[in-house]
Amino acid sequence: MSRLTRRDWLNAAALTAVAGGLSPAMPAASAAEPAAPKPSRPPRIGVSTYSYWRFRDDTKLDVEQCIDLAARDGFDAVELLHIQMGDDFSNARLQKLKQRAFRHGLDLCGMSTHQSFVSPDKAVRQKNIDHTIGCIELAYRLGIPTIRVNTGRWGTTKTFDELMKNKGIEDRLPGHTDDEGFQWVIDSLTQCLPKAEECGVVLGLENHWGLGRTAEGVLRILDAVQSPWLQATLDTGNFLERQYEQYELLAPRAVLVQAKTYFGGGTWYTLDIDYPRVAEILRKVNYQGYISLEFEGKEDFSTAIPKSLELLRKAFAPA
């Protein structure tokens, strides 16, 4: 059998393309891309380490313990709470965390961070920019693809309990406007984006009080920045009015969904969330990312978290 030359191979490929209905001058790759297929599998469901911890003195578990519990309870992934990780951010510890999750068959699907860019003090904003860039680098070393970020708030409400009594609404700093605050947030997040792109870590701006209390506030920032590296983290428990309308507004930009449950009654409030309805909203925008449980009730986590997982698995099963 004679050996094919490169010319013979190209001629044969062209004839095959013609026979298949394609012009040899128009490679298949240049044809219009098909629409993304609708998901045929249920979304992966993770759990935030916050669900086991919740800032309560009697459940101050470290993230290693939470990873073990997440595996025991049957989750697919874990979202780390940055401030729960303590002070050891050595590479040795980070790689052990990654290995621990891997050995349990768990993805590290996100990391929730805290920052506030709502300050007239440039030095304060820079400190929060530097902190956020450091968190991006931590996520990169852990192989985490997205981190939750906040706008921050005016800080005129002195305690979080008081803020919750006021439904997340607080007075502006005297002499300043919301327009100023939004610009501080936009400018600050923009400075974090080069590092996000370099590390391949998407910033997910959460509807989390302050200027991000509403879907419209989050979208105002996303639309101003216009970057694939700044999208939304959709928290189902942080819209206290027009819940489903606001879910629909934010869902198309969501890269992570945090799903609140309140077994035993909520710590600050209780929302009645129709998760089959939430799942349908997400299906309509072809959301295929993770659902991360944030349990925020008073029931013991050992019973409430398995019930929460069952609720979410049922609600997000393929229609």
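Contact means heavy atoms within 4.5 Å. Keep that cut-off at hand for the exercises below. The model is predicted.

**Exercise 1. Follow helix α5 from end to end.**

Task: Find how far α5 reaches, what caps its N-terminal end, and what follows the helix.

Solution.
- Step 1. Locate the helix. α5 covers residues 122–142, which is 21 residues.
- Step 2. Check its reach. From first C-alpha to last, α5 spans 30 Å. That is close to the 30 Å expected at 1.5 Å a residue.
- Step 3. Look at the N-terminal end. Aspartate 121 caps α5 there. One of its side-chain oxygens lies 2.9 Å from the backbone nitrogen of alanine 123.
- Step 4. Look past the helix. Glycine 143 follows α5, and its phi is positive, near 75 degrees.

**Exercise 2. Find what covers α5.**

Task: Which residues of α5 are buried, and what covers them?

Solution.
- Step 1. Apply the cut-off. Buried means under 20% relative accessible area.
- Step 2. List the residues. Arg125, Asn128, Ile129, Thr132, Cys135, Ile136, Leu138, Ala139 and Leu142 are buried in α5.
- Step 3. Name the cover. It includes the strands β2 (77–81), β3 (107–112), β4 (146–149) and β5 (202–206). It also includes the helices α4 (91–103) and α7 (178–199).

**Exercise 3. Classify two helix pairs.**

Task: How do α4 and α5 pack, and how do α7 and α8 pack?

Solution.
- Step 1. Choose the quantities. Two packed helices are described by the angle between their axes and the distance between the axes.
- Step 2. Take α4 and α5. Their angle is about 50 degrees, and their axes are 9 Å apart. α4 and α5 are therefore oblique to each other. On the α4 side, Asn91, Leu94, Gln95, Leu97 and Lys98 make the contact. On the α5 side, Leu138, Arg141 and Leu142 do so.
- Step 3. Take α7 and α8 (residues 215–225). Their angle is about 50 degrees, with the axes 10 Å apart. α7 and α8 are therefore oblique to each other. The crossing of α7 past α8 is right-handed.
- Step 4. Name the partners. α7 brings Asp179, Phe182, Val185, Ile186, Leu189, Thr190 and Leu193. α8 brings Gly217, Arg220, Ile221, Ala224 and Val225.

**Exercise 4. Place two helix residues.**

Task: Is leucine 193 buried or exposed, and is glutamate 64 buried or exposed?

Solution.
- Step 1. Take leucine 193, in helix α7. Its relative accessibility is 10%, so leucine 193 counts as buried.
- Step 2. Find its neighbours. Leaving out residues up to four places away in sequence, leucine 193 touches Leu203, Val225, Ser227, Trp229 and Leu230. Leucine 230 is 37 residues away in sequence, yet 7.5 Å away in space, C-alpha to C-alpha.
- Step 3. Take glutamate 64, in helix α3 (residues 63–73). Its relative accessibility is 17%, so glutamate 64 counts as buried.
- Step 4. Find its neighbours. With the same sequence limit of four places, glutamate 64 touches Arg93, Leu97 and Arg100.

**Exercise 5. Examine two positive phi values.**

Task: Where do tryptophan 209 and glutamine 226 lie, and is each buried or exposed?

Solution.
- Step 1. Recall the background. Most residues other than glycine have a negative phi.
- Step 2. Take tryptophan 209. Its phi is positive, near 60 degrees. Tryptophan 209 sits in the loop between β5 and α8. At 4% relative accessibility, tryptophan 209 is buried.
- Step 3. Take glutamine 226. Its phi is positive, about 55 degrees. Glutamine 226 sits in the loop between α8 and β6 (230–235). Its relative accessible area is 59%, so glutamine 226 is exposed.

Conventions: Residues are numbered from 1 along each chain as its sequence is written. This is a predicted model: local features need pLDDT of at least 70, side-chain atom pairs count only at pLDDT 80 or more; totals for chains, interfaces and linings use all residues. Side-chain values use heavy atoms; hydrogens and water are left out. Helices (H or I, at least four residues) and strands (E, at least two) are DSSP runs, numbered from the N terminus. The expected span of a helix is 1.5 Å times one less than its number of residues. Buried means under 20% relative accessible area, exposed over 50%, partly exposed in between (1.4 Å probe, protein chains only). A polar contact is a pair of N or O atoms within 3.5 Å; within protein, one must be able to donate a hydrogen and the other to accept it, and residues adjacent in sequence count only if both atoms are side-chain atoms. Axes are lines fitted to C-alpha atoms, for helices over the stretch in contact, and angles run from 0 to 180 degrees between N-to-C directions. Angles under 35 degrees count as roughly parallel, over 145 as roughly antiparallel, 65 to 115 as roughly perpendicular and the rest as oblique. A crossing is left-handed if the near helix is turned anticlockwise from the far one by less than a right angle, and right-handed if clockwise.
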